[in-house]
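Me: Please take a close look at a single part of this model, its salt bridges, and describe where the partners lie and how exposed they are.

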Amino acid sequence: MVKKEINNELEYIEKVRKINEGKNLKYYILTMGCQLNENDSEKISGMIEQMGYTLSDDIMDSDLVIYNTCCVRENAEEKLFGKLGEVKKLKEARGTIIAIGGCMMQEKHIVDKIKKSYKYDIIFGTHTLHNFPKDLYNAIIENKKITDILDIDGEIIEGLPIKRNDSIRASVTIMNGCNNFCTYCIVPYVRGRERSRDPEDIIQEVKSLAEQGYKEITLLGQNVNSYMRVEREKGICNTKINSFAKLLRAVNEIEGIEKIRFISPHPKDFTDDVIEAIRDCSKVSKFIHLPLQSGNTRVLKAMNRVYTKDEYLKLVDKMKNMIPEIKFSTDIIVGFPGETDEEFEDTLDVVNKVKFEQIFMFIYSRRLGTPADKMEEQVPENIKHIRFDKLKNLYEELVVENNKEYINTIQKILVEGYSKTNANLLTGRTDTNKVVVFEGKSDLIGKIEDVEIISEHKWYLKGKLI
Ligand code: SAH
Ligand code: SF4
Ligand code: F3S
């Protein structure tokens with residue numbers, strides 16, 4: 001494992017803090033993309049707050065703006081450029097420092113476009129997050145534009161300050177990067193190769209979260225269930241906890257933590273030891289994300305997903321046999337290049353068979369530099385939309401069908417607060433991420449309560465406390 005303890009970089013935190021002393025400065029941060037980016041933003045915020053800035057939710061009242069970007073689909077780009085246009089006035093009026101970081105900054109054509117057409121102070125990538133204090137220092141002191149991007153995989157940085165968004169649930173990144181190169185996907189190009197964090201560091205972090213009162217942990221990575229695979233294969237893994245199954249078992253032992261989730265796993269890495277660990281570990285959620293992407297074997301092959309329709313369905317059956325209460329969520333892409341109507345029907349077929357509790361549906365989006373972008377038979381936009389709507393309709397039918405199974409059952413609900421749509425009702429989620437509303441007092445917020453489900457309303461369930 002290539003691991004680095006930071007100290008030099010953190011000296012800049014103190015330098016910037018001194019410059020900012022007594023100025024009452026504010027920062028605004030916008031995170032796009034996945035939970036890994038959210039977790040990175042928590043680290044960026046941790047550093048920024050130590051440098052003397054306080055969080056503002058009003059961009060117009062901020063002295064430092066950070067956009068942590070995503071590039072997994074095209075709409076993310078449109079969103080960023082829209083924002084950069086808006087923020088120009090703020091920069092001119094107040095001298096606000098504009099920092100743009102994250103996955104999109106690992107794409108050269110995007111950085112070139114920003115440099116040419118937009119105002120900014122700092123551009124930083126996914127491998128240089130820990131340099132942020134130094135970059136900010138240089139931007140302030142030298143008043144010049146900073147670009148801090150690395151094309152090689154960054155080391156795993158331990159010991160960054162972190163400002164968590166929530167006080168009950170926390171995310172813990174266990175690995176960086178991805179080696180799968182699904183042909184539609186940009187992530188391996190912007191996040192680099194798979195590298196796992198030391199299990200001791202992960203366990204230490206979870207223990208400290210438990211001590212701070214956190215109840216739910218989500219282990220994060222682009223392919224979590226291949227945790228330590230690369231290190232094992234290279235023979236550079238000198239720890240007993242050398243697999244995802246073992247890591248789950250170790251985290252399950254940590255006192256105080258009540259629920260463990262993980263995202264995203266890959267179907268190819270659901271080996272028996274992983275399924276057994278999910279089964280045996282009482283705290284590990286039995287609601288599993290199992291990204292399908294497509295239900296058709298030819299399309300799956302073209303996507304480089306390395307499983308067939310049949311293998312996917314067999315895996316679902318095996319997991320159901322080993323863990324009867326298991327439920328699934330999934331990701332699906334419609335309109336991958338060359339996908340025919342018939343092939344798309346296979347996706348609907350798998351959805352009907354597995355009866356996913358939750359489906360994240362995406363319209364295929366061309367990503368520069370990926371193999372699928374060069375495929376000739378791109379599906380026309382109107383056909384992609386027709387397929388998307390078909391899948392969405394099926395999903396909505398399925399939601400109601402699945403909801404019915406909850407009626408008269410007792411669910412353990414982590415109470416999140418009052419419902420936004422009805423301030424008299426408390427709200428929380430089932431283990432399977434379904435919203436449940438029920439009557440109760442505010443002292444239940446933050447606790448896990450037994451709630452009996454009494455009715456279903458498509459996007460939420462009604463229940464009563466027992
Ligand atoms: N590593 C995770 C998540 C990757 S990004 C995984 O494999 O599950 C989250 C989802 O975005 C993917 O699962 C995929 O469904 C979707 N996605 C990725 N690239 C896409 C593209 N080019 N167009 C549309 N959806 C895409
Ligand atoms: Fe992208 Fe595939 Fe890696 Fe997920 S597993 S990040 S979809 S390349
Ligand atoms: Fe987006 Fe980067 Fe996550 S591209 S989905 S923020 S890893």
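Reply: What follows goes through selected salt bridges, then turns briefly to one helix and one ligand shell. The model is a predicted one.

The structure holds 43 salt bridges. Side chains of opposite charge can pair when their charged atoms come close.

One pair is local. D112 forms a salt bridge with K108, and their closest N and O atoms are 2.8 Å apart. Both residues belong to helix α4, where they are 4 residues apart, about one turn of the helix. D112 is partly exposed, its relative accessible area being 36%. K108 is exposed, at 62%, because the cut-off for exposed is over 50%.

A second pair joins two strands. E216 and R261 meet through their side chains in a salt bridge, at 2.8 Å from N to O. E216 is in strand β12 (residues 216-220) and R261 is in strand β13 (residues 259-263), so this pair ties together parts 45 residues apart in sequence. Both E216 and R261 are buried.

A third pair links a loop to a helix. Between E339 and R387 there is a salt bridge whose closest N and O atoms are 2.8 Å apart. E339 sits in the loop between β15 (327-334) and α13 (341-354), while R387 sits in helix α14 (residues 381-404), so the contact ties together parts 48 residues apart in sequence. E339 has a relative accessibility of 4% and counts as buried. R387 is buried too, with a relative accessible area of 5%.

Some bridges share partners: R169, E216, K259, R261, E416, R429 and D431 are joined in this way into one network. The strand pair described above, E216 and R261, belongs to that network.

Helix α4 also takes part in covering another helix. The buried residues of α3 are covered by elements that include β4 (64-69), β5 (97-102) and α4 (108-117). The buried residues of α3 are A76, E77, L80, F81, L84, V87, L90 and K91. Helix α3 (residues 74-94) has 21 residues and spans 31 Å from its first C-alpha to its last, close to the expected 30 Å. At V87, α3 bends by about 30°; V87 is also one of its buried residues. After α3 comes G95, with a positive phi near 75°.

As for ligand 3, the residues around it are G33, C34, N37, C70, C71, V72, C103, R191 and Q222. By class, this shell has 5 nonpolar, 3 polar and 1 charged residues.

Note on methods
Residues are numbered from 1 along each chain as its sequence is written. Chains are lettered from A and ligands numbered from 1 in the order in which they are written. This is a predicted model: local features need pLDDT of at least 70, side-chain atom pairs count only at pLDDT 80 or more; totals for chains, interfaces and linings use all residues. Side-chain values use heavy atoms; hydrogens and water are left out. The expected span of a helix is 1.5 Å times one less than its number of residues. The bend at a residue is the angle between axes fitted to the seven residues ending there and the seven starting there. Buried means under 20% relative accessible area, exposed over 50%, partly exposed in between (1.4 Å probe, protein chains only). Contact means heavy atoms within 4.5 Å. A residue is near a molecule or strand if one of its heavy atoms lies within 4 Å of it. Ala, Val, Leu, Ile, Met, Phe, Trp, Tyr, Cys and Pro count as nonpolar, Asp, Glu, Lys and Arg as charged, and the others, Gly among them, as polar. A salt bridge is a side-chain nitrogen of Lys or Arg within 4 Å of a carboxyl oxygen of Asp or Glu.
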